[in-house]
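Let us walk through this model together, starting from a bound metal and working outwards. Please keep the sequence and the 3D view side by side as you read.

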Amino acid sequence: MSTTPVAPKPIKTNRIGLQILDYRGGKTTLCAGCGHNAISERITEAFYEMGIQPERVMKMSGIGCSSKSPAYFMSRSFSFNSVHGRMPSVATGALLANKTMRSIGISGDGDTASIGMGQFVHLLRRNVPMIYIIEDNGVYGLTKGQFSATADIGSKLKTGVVNDLPAIDICALAIQMGATFVGRSFSGDKKQLNTMLKAAMSHKGTVLLDVISPCVTFNDHEGSTKSYKYVQEHEEAVNEVGFVPFFEEIDVDYDAGSTYDVQMHDGSHMRLRKLHPDYDPTNRIGAVTALMQAHEQGEVLTGVFYLDTTKPSFTDMLNLVDEPLATLPESRVRPSRQILDQIMQKHQ
Ligand SMILES: Cc1ncc(C[n+]2csc(CCOP(=O)(O)OP(=O)(O)O)c2C)c(N)n1
Ligand code: SF4
Ligand SMILES: [Mg+2]
């Protein structure tokens with residue numbers, strides 16, 4: 001008796017011929033259900049879908065459960081797990097050494113908004129070209145759940161302790177400090193987060209994404225404003241984010257009255273369908289006001305809050321040579337004795 005052979009399933013690949021497996025990382029050691037795991041999955045998918053060569057990416061982080069995440073996606077990329085709160089300076093230095101690399105930084109609300117705040121604001125004002133993600137759970141997960149600086153006033157720890165300090169709104173701060181792409185999403189919102197990540201990859205400047213990412217072990221109870229339940233019940237999107245990458249054909253048919261279309265640096269298009277008719281993502285002051293108002297009303301505002309595609313990034317502003325500084329031969333980076341003598345003479 002003969003059996004008909006079954007044709008093997010074709011292997012799915014992206015535009016550079018890689019499989020999703022090529023973008024995966026190590027097995028997670030974080031708690032099951034932690035929002036950070038879902039974010040790692042979205043990052044894996046988004047890089048795969050954009051067809052970015054993993055070896056052209058550097059993954060940067062600080063210290064915390066969130067900062068461990070780069071180990072769980074894109075094992076083929078470069079990775080630097082820095083000191084607590086010091087990722088911004090390490091990332092800035094690495095990009096100056098090789099501006100041809102893409103950089104994605106994963107930090108936590110503790111890592112960024114407390115110990116790292118001094119470094120963070122300077123990364124923003126420089127418009128360092130990288131995607132900076134804050135996996136925001138309102139607590140220091142790794143050190144057993146103390147309140148962080150993004151925890152809302154009046155929110156409660158599991159033990160009943162009430163937070164009596166006001167929260168820092170990291171998005172309002174980022175807009176004020178000079179970041180050029182600022183948005184908020186939720187680890188449980190697959191579509192919004194995936195789309196925002198892909199749009200972020202097309203931007204040249206600092207992309208700050210504050211992603212609410214519940215800590216199931218220490219901050220997912222009644223009284224927390226960073227729990228799955230609270231975010232699901234209070235989420236209010238300012239826009240619905242759509243994205244057409246540069247390698248796909250763009251349809252010209254859209255309603256300009258209700259949709260804001262912007263061409264990104266690499267030719268991709270981000271389309272923001274206005275859910276709040278008056279919301280303008282190019283208006284800095286309006287964006288900060290909207291964030292403050294939402295906060296007062298207990299709403300968790302999500303979407304792309306602010307976008308500026310005209311401001312030069314830090315590496316462009318410095319007028320660096322095209323070749324990465326890290327790979328220039330010594331003969332090109334070291335001035336000759338003659339040149340040094342001339343400089344000395346000029347300043348005598
Ligand atoms: C210099 C220094 N101070 C304090 C610590 C202790 N510590 C480790 S992680 C952490 C906070 C982590 O919180 P967050 O960044 O929100 O990450 P999460 O674990 O919540 O994802 C602290 C205070 C440290 N590792 N190094
Ligand atoms: S302690 Fe919290 S933040 Fe850390 S891995 Fe567990 S759920 Fe995630
Ligand atoms: Mg945290």
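Which protein donors hold the magnesium ion (ligand 3)? They are Asp109 (OD), Asn137 (OD1) and Val139 (O), and they lie 2.1 to 2.2 Å from the ion. Donors here are N, O and S atoms within 2.8 Å of the metal (3.2 Å for Na, K and Ca), and water is not among the atoms, so sites may look incomplete.

Before going on, a word on conventions: this is a predicted model, in which local features need pLDDT of at least 70 and side-chain atom pairs count only at pLDDT 80 or more, while totals for chains, interfaces and linings use all residues. Residues are numbered from 1 along each chain as its sequence is written, chains are lettered from A and ligands numbered from 1 in the order in which they are written, and side-chain values use heavy atoms, with hydrogens and water left out.

Back at the magnesium ion (ligand 3), the donor residues follow the spacing D-x27-N-x1-V in sequence. Asp109 belongs to helix H4, whereas Asn137 sits in the loop between strand S4 (131-136) and S5, so this pair ties together parts that are 28 residues apart in sequence. Helices (H or I, at least four residues) and strands (E, at least two) are DSSP runs, numbered from the N terminus. Asp109 is buried, with a relative accessible area of 2%, and Asn137 is buried too, at 4%. Buried means under 20% relative accessible area, exposed over 50%, and partly exposed in between (1.4 Å probe, protein chains only).

Asn137 also leads us to ligand 1: an N or O atom in the side chain of Asn137 is 3.1 Å from an oxygen atom of this ligand. A polar side-chain atom of Ser66 lies 2.7 Å from an oxygen atom of ligand 1, and a polar backbone atom of Asp111 is likewise 2.7 Å from an oxygen atom of the ligand. The protein covers 74% of the 600 Å² of accessible area that ligand 1 has on its own; such areas come from the Shrake-Rupley method with a 1.4 Å probe, and for residues only the protein chains shown count as cover.

Which elements give two or more residues to the shell around ligand 1? They are helix H2 (65-68), helix H4 (109-115) and strand S5 (139-140), with H4 giving the most, four residues. A residue counts as near a molecule if one of its heavy atoms lies within 4 Å of it. By class, this shell has six nonpolar, nine polar and two charged residues. Ala, Val, Leu, Ile, Met, Phe, Trp, Tyr, Cys and Pro count as nonpolar, Asp, Glu, Lys and Arg as charged, and the others, Gly among them, as polar.

Asn137 turns up once more around ligand 2, where the residues include Cys31, Cys34, His36, Cys65 and Cys215. The shell around ligand 2 divides into seven nonpolar, four polar and no charged residues.

His36 is also one of the buried residues of helix H1, in which 12 of the 16 residues are buried. Just after H1 comes Gly51, with a positive phi near 65°.

Two residues that are not glycines deserve a look for their backbone angles. Met74, in the loop between H2 and strand S2 (78-81), has a positive phi of about 45°. Asn127, in the loop between helix H5 (117-126) and S4, has a positive phi of about 55°. Met74 is buried, with a relative accessible area of 0%, and Asn127 is buried with a value of 0%.

Methods:
Polar contact = N/O pair within 3.5 Å; in protein donor to acceptor, adjacent residues only side chain to side chain.
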